[in-house]
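Good morning, colleagues. Please take a moment with the sequence and the structure before I begin.

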Amino acid sequence: MSLDILILGGTTEASALAPRLAGDARFEATLSLAGRTVHPKAQPIATRSGGFGGIEGLARFLRARKIAAVIDATHPYAAQISAHAVAACADVQIPLVSIVRDAWHPQAGDRWQDVRDMAAAAKALGDAPRRVFLGLGRQELSVFAAAPQHRYVARVIDAPDTVALPPDLKLLQARGPFDRAAEIRLLTDEKIDIVVSKNAGGDATYAKIEAARALGLPVLMVARPDKPAGHIVRSPDEALAWLERFHHDAAPRSLRGV
Ligand code: NAP
């Protein structure tokens, strides 16, 4: 018996889970991406792209595709899709498992200032011009147009299409993971004196935090949003273990030899 599973992705967790479900006869998994990245990494399972059209659209998709369970493997700052997943799965009455990455915690030598959101980060940079590294998504860059006195270096996967960007902005296009030595070099070469970061958790983008620590630079750490969740697991491994139990419990007793 094969169960249809929807993975809400766009993260390293989803990329780790997809190959482990590929070719597993117990599951027919589909990976859903928002469609923000122009050339997402190819995955060995069926992939769809673009929004569902709110809670109703997602619920319609789940019914039409007879999805048996949803794995929410979205980024800690993607709160809306998770809220939609909670509501749609409740409506359709199927289980939702949410992979929640642990946040980073400050270590000795870290100089973090917690800020509520991106607008608060732009304000906290202060009046005097600074050289700022933005390790954020391209959608967030326009917020810093409100603080045009600073020189920004922003690293993004795809170039932003918004016109409301800070005037002195250098864009670097690259996809993680990044390593500590290269991040130290980058922050030094660009004469960065402050870093703005989300508390993404995980390894892929942590090197900039380690580099800031090594160089004694302050970090404005933007708080995680409230992100609704279903049954919480901490890793792709735990999600897979949950799916295996789910399949075992869903399979007719005769097929299990009971
Ligand atoms: P969001 O604010 O939570 O979602 C906005 C809308 O985008 C949702 O209502 C939904 O549209 C659509 N959407 C989001 N994720 C989707 C998915 N996996 N499949 C289909 N539709 C999706 O999300 P976001 O912060 O813009 O992030 C978008 C995607 O990028 C997410 O998949 C996330 O995992 C990934 N990502 C985000 C960040 C970040 O910092 N936010 C970082 C790395 C990766 P409808 O309402 O039309 O269904």
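Let me start with a term: by a salt bridge I mean a side-chain nitrogen of Lys or Arg within 4 Å of a carboxyl oxygen of Asp or Glu. By that criterion, the count between domain 1 and domain 2 is zero salt bridges. Please bear in mind that this is a predicted model.

Where do the two domains lie along the chain? The domain assignment places domain 1 at residues 3-102 + 225-256, and domain 2 at 111-222. Their C-alpha centres are 30 Å apart.

I turn now to the interface. Twelve residues of domain 1 make contact with twelve residues of domain 2. Between them, the two domains bury about 830 Å², with 47% of this area on carbon and sulfur atoms. On the side of domain 1 that touches domain 2, we find four nonpolar, four polar and four charged residues. Although salt bridges are absent between the domains, seven residue pairs are in polar contact there, both residues at pLDDT 80 or more.

Let us move to the ligand. Around it there are 22 residues, of which G9, S32, R36, F52 and K198 come nearest.

Which atoms of Q80 approach an oxygen atom of the ligand? An N or O atom in the side chain of Q80 lies 2.8 Å from a ligand oxygen. With G54, it is a backbone N or O atom that lies 3.1 Å from an oxygen atom of the ligand. A polar backbone atom of A79 is 3.3 Å from a ligand oxygen. As for cover, the ligand taken alone exposes 810 Å², and the protein buries 78% of that.

Thank you for your attention.

How values were computed
Residues numbered from 1 in each chain as written. Predicted model: local features only at pLDDT ≥ 70, side-chain atom pairs only at ≥ 80, totals over all residues. Heavy atoms only, no water. Domains from an automatic or database assignment. Contact = heavy atoms within 4.5 Å. Buried area = accessible area lost by both parts, 1.4 Å probe. Polar contact = N/O pair within 3.5 Å; in protein donor to acceptor, adjacent residues only side chain to side chain. Nonpolar A, V, L, I, M, F, W, Y, C, P; charged D, E, K, R; others polar. Near = heavy atom within 4 Å. Areas by Shrake-Rupley, 256 points an atom, 1.4 Å probe, with all protein chains shown as cover.
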